[in-house]
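Reader: I have just opened this one and would like a guided walk through it. Could you take me along slowly?

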Amino acid sequence: TDTEQAVASLVAEGLTNHQIGGRMYISPHTVAYYLRQVFRKLSIASRVELTRIVVQQPADDPATAELARLTGSGVVSAIRSCPARALGLLAPAAAQR
């Protein structure tokens with residue numbers, strides 16, 4: 001669903017359930033519910049796996065465009081520009097200076 005895609009995008013951005021709930025005006029419990037649905041549909045069990053899936057989506061994939069539209073944050077293009085940072089393998093750019 002659109003909401004599941006939006007939650008998945010924000011998880012890939014590194015937000016907690018509480019932070020996602022605040023952005024989407026839903027409770028953290030509701031965020032957890034949507035995450036369970038996404039995990040079940042994708043046969044995955046972790047936020048890391050979900051982030052990898054979001055990062056690996058082709059740029060012309062309709063779901064990628066929908067994620068960008070729903071979040072309005074450009075998170076998908078930002079993740080593609082540096083997937084290692086998105087996966088927490090690199091420190092944020094400000095910390096590297």
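Author: What follows is a short tour of the fold, the core, the paired side chains and a few backbone angles. This is a predicted model, in which local features need pLDDT of at least 70, side-chain atom pairs count only at pLDDT 80 or more, and totals for chains, interfaces and linings use all residues. Residues are numbered from 1 along each chain as its sequence is written, and side-chain values use heavy atoms, with hydrogens and water left out.

Reader: Okay, how many helices and strands are there in the protein?

Author: The protein has 8 helices and 0 strands, so along the sequence the pattern reads α-α-α-α-α-α-α-α, where helices (H or I, at least four residues) and strands (E, at least two) are DSSP runs, numbered from the N terminus.

Reader: And what share of the residues count as buried?

Author: Of the 97 residues, 33% count as buried; here buried means under 20% relative accessible area, exposed means over 50%, and partly exposed lies in between, with a 1.4 Å probe and protein chains only. The accessible surface comes to about 5800 Å², and 57% of this surface belongs to carbon and sulfur atoms, the areas being computed by the Shrake-Rupley method with a 1.4 Å probe, where for residues only the protein chains shown count as cover.

Reader: Which residues touch the most other members in the largest nonpolar core?

Author: That core has 13 residues, and V7, V11, I20, V31, L35, F39 and L50 are the ones touching the most other members. Two elements, α1 (2-12) and α3 (28-42), give two or more residues to this core, and α3 gives the most, with 5 residues. A nonpolar core is a set of buried Ala, Val, Leu, Ile, Met, Phe, Trp, Tyr and Cys residues joined through side-chain atoms within 4.5 Å. In soluble globular proteins, nonpolar side chains tend to be buried together.

Reader: Let's pick V31, then. What is V31 in contact with?

Author: If neighbours within four places in sequence are left aside, V31 is in contact with V7, N17, I20, G21 and I26, contact meaning heavy atoms within 4.5 Å.

Reader: N17, I20 and G21 came up there; which residues of α2 are buried?

Author: The buried residues of α2 are N17, I20 and G21. They cover an arc of only 100° around the axis, which puts them on the same side of α2, the arc being that of the directions from the helix axis to the C-beta atoms. These buried residues of α2 pack against α1, α3 and α4.

Reader: And which are the buried residues of α4?

Author: In helix α4 (residues 47-56), the buried residues are L50, T51, V54 and V55. Their directions fall within an arc of 135° when seen down the axis of α4, so they line one face of the helix.

Reader: Changing topic: how many salt bridges does a search of the whole structure find?

Author: The search finds 2 salt bridges, each being a side-chain nitrogen of Lys or Arg within 4 Å of a carboxyl oxygen of Asp or Glu. In one of them, the side chains of E4 and K41 meet at 2.8 Å, N to O. E4 lies in helix α1 and K41 in helix α3, so the pair ties together parts that are 37 residues apart in sequence.

Reader: Is E4 buried or exposed?

Author: E4 counts as buried, at 8% relative accessibility, whereas K41 is partly exposed, with a relative accessible area of 46%. Leaving aside neighbours within four places in sequence, K41 is in contact with T1 and E4.

Reader: Which side chain does E13 meet in a salt bridge?

Author: The side chain of E13 meets that of R23, at 3.4 Å from N to O. E13 lies in the loop between α1 and α2 (17-24) and R23 in helix α2, so this pair ties together parts that are 10 residues apart in sequence. E13 is partly exposed at 31%, and R23 is partly exposed at 46%.

Reader: What about the backbone, where is Y25 placed?

Author: Y25 is in the loop between α2 and α3, and its phi is near 60°, a positive value in a residue other than glycine. At 77% relative accessibility, Y25 counts as exposed. S43, in the loop between α3 and α4, also has a positive phi, of about 55°, and S43 is exposed at 66%. Most residues other than glycine have a negative phi.
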